[in-house]
Amino acid sequence: FGPRNLSSTCHKLVKIGKVCRWNVRNDIWTTLEFEIIRSSEGFDPMGTANVAWALATAMRSSPTVWNKLGAAALHNIHEYNSQDIANTVWAYATVGHSLPQLFDKVADVSLPSLHQFNSQALSNTIWAYATVSHS
């Protein structure tokens, strides 16, 4: 299946669910979360951000999944663009999963490149930091 297909599947399921007003069954999410844990090291920045967005939008809050995604993000955070960063921290804040080391590293990487953030990415990032009370 692979990380790219897994990321796309999660993202598309949530998109379809929003359009059709359909909730993905819990057992499907549980299976996907198992695969996310197994495959998280293989996600590229967009893949991690898309999975995080999908899980947060579906209000999936498994600490194990979020910790694994966070470890994957920390591994290649320097490759994230402003949208990947904004979507990732937004997702963590949305589900209430504070991962201080991720937020610290995002700040280190983001501050020198804030000029590359559009207004939406900037506001989502600021909201995320405020929501998880990270300074």
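L111, L114, L122 and I126 together make a nonpolar surface patch of about 360 Å². The model in which this patch appears is a predicted one. One member of the patch, I126, belongs to helix 7, which spans residues 119–131. With a relative accessible area of 52%, I126 counts as exposed, because the cut-off for that class is over 50%.

From this surface feature the description turns to charged side chains. Side chains of opposite charge can pair when their charged atoms come close. Across the whole structure, a search finds 4 salt bridges, and three of these pairs, D44 with R4, E33 with R60 and E35 with R38, are described here in turn.

In the pair formed by D44 and R4, the side chains meet at an N to O distance of 3.6 Å. This salt bridge links distant parts of the chain: R4 sits in helix 1 (residues 2–20), whereas D44 occupies the loop between helix 2 (26–39) and helix 3 (45–57), and their positions lie 40 residues apart in numbering. The two partners fall into separate accessibility classes. D44 has a relative accessible area of 33% and is therefore partly exposed, while R4, with a value of 63%, is exposed.

A salt bridge also joins the side chains of E33 and R60, with an N to O distance of 2.9 Å. Here too the pair links distant parts of the chain, with E33 in helix 2 and R60 in the loop between helix 3 and helix 4 (63–76), 27 residues apart. Both partners are buried, because buried means under 20% relative accessible area: the value for E33 is 9%, and that for R60 is 14%.

The salt bridge between E35 and R38 has its closest N and O atoms 2.8 Å apart. Both residues lie in helix 2, where a separation of 3 residues amounts to about one turn of the helix. E35 has a relative accessibility of 21% and so counts as partly exposed, whereas R38, at 57%, counts as exposed. Helix 2 thus carries E35 and R38, and E33 is in helix 2 as well.

The backbone of the loops deserves separate attention. Most residues other than glycine have a negative phi, and most peptide bonds are trans. R21 is not a glycine, yet its phi is positive, at about 55°. R21 is placed in the loop between helix 1 and helix 2, and its relative accessible area of 81% makes it exposed. M59, likewise not a glycine, also has a positive phi of about 55°. The loop between helix 3 and helix 4 contains M59, and R60 of the salt bridge with E33 is located in that loop too. M59 is exposed, with a relative accessible area of 53%, whereas R60 is buried.

Beyond this loop, the packing of helix 4 against helix 5 can be described through the helix axes. The axes of helix 4 and helix 5 (residues 82–95) come within 12 Å of each other and cross at roughly 160°. Helix 4 is therefore roughly antiparallel to helix 5, since angles over 145 degrees are placed in that class. The crossing of these two helices is left-handed.

Conventions. Residues are numbered from 1 along each chain as its sequence is written. This is a predicted model: local features need pLDDT of at least 70, side-chain atom pairs count only at pLDDT 80 or more; totals for chains, interfaces and linings use all residues. Side-chain values use heavy atoms; hydrogens and water are left out. Helices (H or I, at least four residues) and strands (E, at least two) are DSSP runs, numbered from the N terminus. Buried means under 20% relative accessible area, exposed over 50%, partly exposed in between (1.4 Å probe, protein chains only). Patches are made of residues with over 30% relative accessible area and no salt bridge: like charges are joined within 9 Å, nonpolar side chains (Val, Leu, Ile, Met, Phe, Trp, Tyr) within 5 Å. Accessible areas come from the Shrake-Rupley method with a 1.4 Å probe; for residues, only the protein chains shown count as cover. Axes are lines fitted to C-alpha atoms, for helices over the stretch in contact, and angles run from 0 to 180 degrees between N-to-C directions. Angles under 35 degrees count as roughly parallel, over 145 as roughly antiparallel, 65 to 115 as roughly perpendicular and the rest as oblique. A crossing is left-handed if the near helix is turned anticlockwise from the far one by less than a right angle, and right-handed if clockwise.
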